[in-house]
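Welcome! Please take a look at the protein shown here, and then let us ask how its labels are earned.

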Amino acid sequence: MSHSTHTPAPRPTAAAGSPARQDQGRPPREAEDVSRRLLESSAMLSYDPATEVDWDAPLPEDAYGLNPEWSTLYGTRLWQEMTEAQRVTLTRHEVASIMSTGVWFEMILQQLVLRDQYVRDYATAEFQFALTEIADECRHSIMFARACQKMGIPAYFPKRPVVELARILKTVGNAEVAYGGILVAEEVLDVMQRDAMRAPNVLDLVRTTSRIHVVEESRHMRFARAEIRERVRRAGTLRKRSSALAIAVVAYFIITSLVNEGVYAAAGLDTRRAVAAARNNRHHHAMMRTGSAPLMDFLGTSGLLTRPSSAIYQRVHML
């Protein structure tokens with residue numbers, strides 16, 4: 001398994017020279033300034049999963065799929081009753097479900113960003129980083145798909161009503177709602193993957209894919225935050241309230257879709273009992289609240305954390 005931390009050779013980027021084409025004498029917008037720095041970062045440090053991940057390495061039988069503390073059953077009585085083999089199997093199916101949900105939402109994300117950047121000024125760093133992000137997401141989706149395939153786990157999909165509702169989001173979502181949904185998905189995955197990449201008892205396959213995703217998604221999150229701040233700055237009170245609610249609804253469906261109920265049957269567990277245990281797992285609830293704290297702080301300072309939206313975040317233990 002490759003654990004190299006070298007800096008790959010910079011990939012060609014269309015960003016070269018773009019700052020010089022900005023209007024002279026005009027202070028750059030935050031999104032443009034941030035995008036320029038992110039383009040430079042992308043050129044210096046990006047990964048190709050096809051070569052960074054050792055796809056041929058065997059998978060140790062005793063290695064978890066994610067940090068067990070992030071398992072939906074960790075800390076419950078059912079977890080104590082499970083065999084070690086069941087715990088390993090469960091966490092591998094949980095991480096595969098999370099990856100599958102990640103691929104699903106990354107496909108939505110790409111469409112949201114493309115729609116937002118349609119007929120924008122191609123010379124701007126903002127436009128060029130948006131396309132760089134889409135290219136990153138394409139590689140990430142393939143990486144997660146190959147990881148699930150390597151673990152021998154079929155794709156897990158959100159429930160059909162969620163899939164259909166998402167068609168509305170990817171068609172009409174725009175401005176801070178689009179980037180807010182993107183930020184929610186990336187922030188939640190980021191916290192889990194930072195723990196996974198540092199855990200020695202987790203599969204090297206997952207640790208490496210997590211490291212790649214964390215590095216590149218950190219740029220995507222900075223971009224989304226800059227875009228949200230800029231869009232909200234121009235929004236009135238009514239629009240902020242409606243956007244806050246819309247982002248919370250998107251967050252609800254993302255969080256509730258991360259771990260498919262089928263993972264419990266795959267581990268040889270009684271699905272009904274396992275679902276009930278996961279739903280009432282205070283340890284996992286605490287992990288979610290801690291991991292979501294920076295996101296909630298950002299939404300609060302951006303005026304996107306209202307009483308109705310807070311009630312939704314509380315239902316999925318993000319607040």
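The questions and answers below set values of this predicted model against the cut-offs behind the words.

Q: What makes the model's confidence in the chain as a whole 90, and where does it stay under 50?
A: The figure of 90 is the mean pLDDT of the protein chain, and 91% of its residues reach 70 or more. Over residues 1-27, pLDDT stays under 50, and for that stretch the model has 43 contacts beyond four places in sequence.

Q: Why is α4 described as largely enclosed by the rest of the structure?
A: Of the 33 residues of α4, 26 are buried, so the helix is largely enclosed by the rest of the structure.

Q: How do you know that the length of α4 is close to what is expected?
A: From its first C-alpha to its last, α4 reaches 47 Å, and the expected value at 1.5 Å a residue is 48 Å.

Q: Why is S100 called buried?
A: Buried means under 20% relative accessible area. S100 has 8%, so it counts as buried. This residue sits in helix α4, and it touches C148, A155 and Y156, leaving out residues up to four places away in sequence.

Q: Why does V263 count as buried?
A: Its relative accessibility is 0%, so V263 falls under the 20% cut-off. V263 is in helix α10, residues 262-266. Beyond four places in sequence, V263 is in contact with L90, H93, E94, S97 and Y156. V263 and V95 are 168 residues apart in sequence, while their C-alpha atoms are 9.6 Å apart in space.

Q: What makes V119 exposed, and H317 partly exposed?
A: Exposed means over 50%, and partly exposed lies between that and 20%. V119 has 61% relative accessibility, so it counts as exposed. H317 has 24%, so it counts as partly exposed. V119 is in the loop between α4 and α5, and H317 lies in the segment after α13. V119 has a positive phi of about 50° although it is not a glycine; H317, also not a glycine, has a positive phi of about 60°.

Q: Why is Y122 called exposed, and which nonpolar patch does it help to form?
A: At 54% relative accessibility, Y122 is over the 50% cut-off, so it counts as exposed. Y118, V119 and Y122 form a nonpolar patch on the surface, with about 420 Å² of accessible area together. Y122 is found in the loop between α4 and α5.

Q: How do you know that D116 and R231 form a salt bridge?
A: The cut-off for nitrogen to oxygen is within 4 Å, and the side chains of D116 and R231 meet at 2.9 Å, N to O. The pair links distant parts of the chain, with D116 in helix α4 and R231 in helix α8, 115 residues apart.

Q: Why do D116 and R231 count as buried?
A: D116 has a relative accessible area of 11%, so it is under 20% and counts as buried. R231 has 5%, so R231 is buried too.

Q: What makes D116 and R231 part of one network?
A: R231 also forms a salt bridge with E126, the closest N and O atoms being 4.0 Å apart. Salt bridges that share partners join D116, R120, E126, E227 and R231 into one network.

How values were computed: Residues numbered from 1 in each chain as written. Predicted model: local features only at pLDDT ≥ 70, side-chain atom pairs only at ≥ 80, totals over all residues. Heavy atoms only, no water. Patch = residues over 30% accessible without salt bridge, like charges linked within 9 Å, V, L, I, M, F, W, Y side chains within 5 Å. Areas by Shrake-Rupley, 256 points an atom, 1.4 Å probe, with all protein chains shown as cover. Helix = DSSP H or I, 4+ residues; strand = E, 2+ residues; numbered from the N terminus. Buried < 20%, exposed > 50% of the residue type's maximum accessible area, 1.4 Å probe, protein only. Contact = heavy atoms within 4.5 Å. pLDDT = per-residue confidence, 0-100. Expected span 1.5 Å × (residues − 1).
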